[in-house]
Amino acid sequence: MAERVRDICRVYWDQQRANIIIGAFLVVLFGMMAVFFLTNDTELQVVSVPVAEENAGCEEMETNPLGLSKNGRICGAVQKYYERLGENARFAESYDDLIIYQKNGKTKGTYVVFVTYRMKIQDIYTYVPGLGTFYAKEEEDGGLKLDSQVRDIRLQQYIARVTQHEDAKRLFHMVEQQYARAVRSDAMLAEALMDLQNAAESK
């Protein structure tokens, strides 16, 4: 009787050991399959990010000259920007006689935009000549982003470099001369500009 019990126990143990081995094998097999499918899923989810194509010759004035903007979206966005600026400014009545220039930006679909204008200060007869600088980018949906405060250090450096082109420097010099003549011609304008400068510095 004792021997029969031992035989039964031995058979049971052998079966259990076989089950354990089979179970372990299945665990390893399922684990390998899971890793395989997870790896494949991960690979399928990888999205290639397109690298923006650089504008050839954008760093040189000869291949990236300053010219009047013929881009309707840029001109429209600039017009709206200065309209809103005039509506919301506490001291300026309007920004008139906008002339919009552009150079190619660093990558395709981007532009450095220079805008000359005449600003009318409240209660002052003489207009103030000024110049604004923007970075414009065409969006995939057909829109246009016009940035007046570029935060990307690389774009800031690029804008600084193209601003040193001789044609851009001539534009800046022209506006500086116009500004100086306007201030010399009108004492009230000079006083108003000084008050505005002091108010800005005290903030």
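**Figure 1. Surroundings of Val113 in the predicted model.** In this predicted model, Val113 touches Ile74, Val78, Ile100, Tyr101, Gln102, Gly132, Thr133, Phe134 and Ala136, leaving aside residues up to four places away in sequence. Among these contacts, Phe134 of strand E4 is the residue that stands opposite Val113.

**Figure 2. The largest nonpolar core.** This core comprises 22 residues, and Val78, Tyr82, Val113 and Val115 have the most contacts inside it. Two or more residues each come from helix H2 (72-88), strand E2 (92-104), strand E3 (110-121), strand E4 (128-138) and helix H5 (187-202). The greatest contribution is that of E3, which supplies six residues.

**Figure 3. The second nonpolar core.** Separate from the core of the preceding view, a second one is made up of ten residues. Its members include Tyr101, Val150, Tyr158 and Ile159. Tyr101 is also one of the residues that Val113 touches.

**Figure 4. The hairpin of strands E3 and E4.** The two strands run antiparallel and are joined by ten bridges. Val113 and Phe134 face one another across this pairing. Six residues lie between the strands of the hairpin, where Asp123 adopts a positive phi near 65°.

**Figure 5. The hairpin of strands E4 and E5.** Strand E5 (residues 144-147) is antiparallel to E4, and four bridges connect them. One of the pairs consists of Ala136 and its bridge partner in E5, Leu146. Ala136 is, in addition, among the residues touched by Val113. Five residues separate the two strands of this hairpin, and Gly142 in the turn has a positive phi of about 95°.

**Figure 6. The setting of His165.** His165 occupies the loop between helix H3 (153-163) and helix H4 (166-185). The residue counts as buried because its relative accessible area is 8%, below the 20% limit. Beyond residues up to four places away in sequence, His165 touches Cys58, Glu59, Glu60, Met61, Asn64 and Lys103.

**Figure 7. Confidence along the chain and the stretch 1-44.** The chain has a mean pLDDT of 81, with 74% of its residues at 70 or more. Over residues 1-44, by contrast, the pLDDT is below 50, and the stretch has zero contacts in the model beyond near neighbours in sequence. Predicted coordinates should not be read in detail where pLDDT is low.

How values were computed
Residues are numbered from 1 along each chain as its sequence is written. This is a predicted model: local features need pLDDT of at least 70, side-chain atom pairs count only at pLDDT 80 or more; totals for chains, interfaces and linings use all residues. Side-chain values use heavy atoms; hydrogens and water are left out. A nonpolar core is a set of buried Ala, Val, Leu, Ile, Met, Phe, Trp, Tyr and Cys residues joined through side-chain atoms within 4.5 Å. Buried means under 20% relative accessible area, exposed over 50%, partly exposed in between (1.4 Å probe, protein chains only). Contact means heavy atoms within 4.5 Å. pLDDT is the predictor's confidence in each residue, from 0 to 100. Two strands pair if DSSP finds at least two bridges between them.
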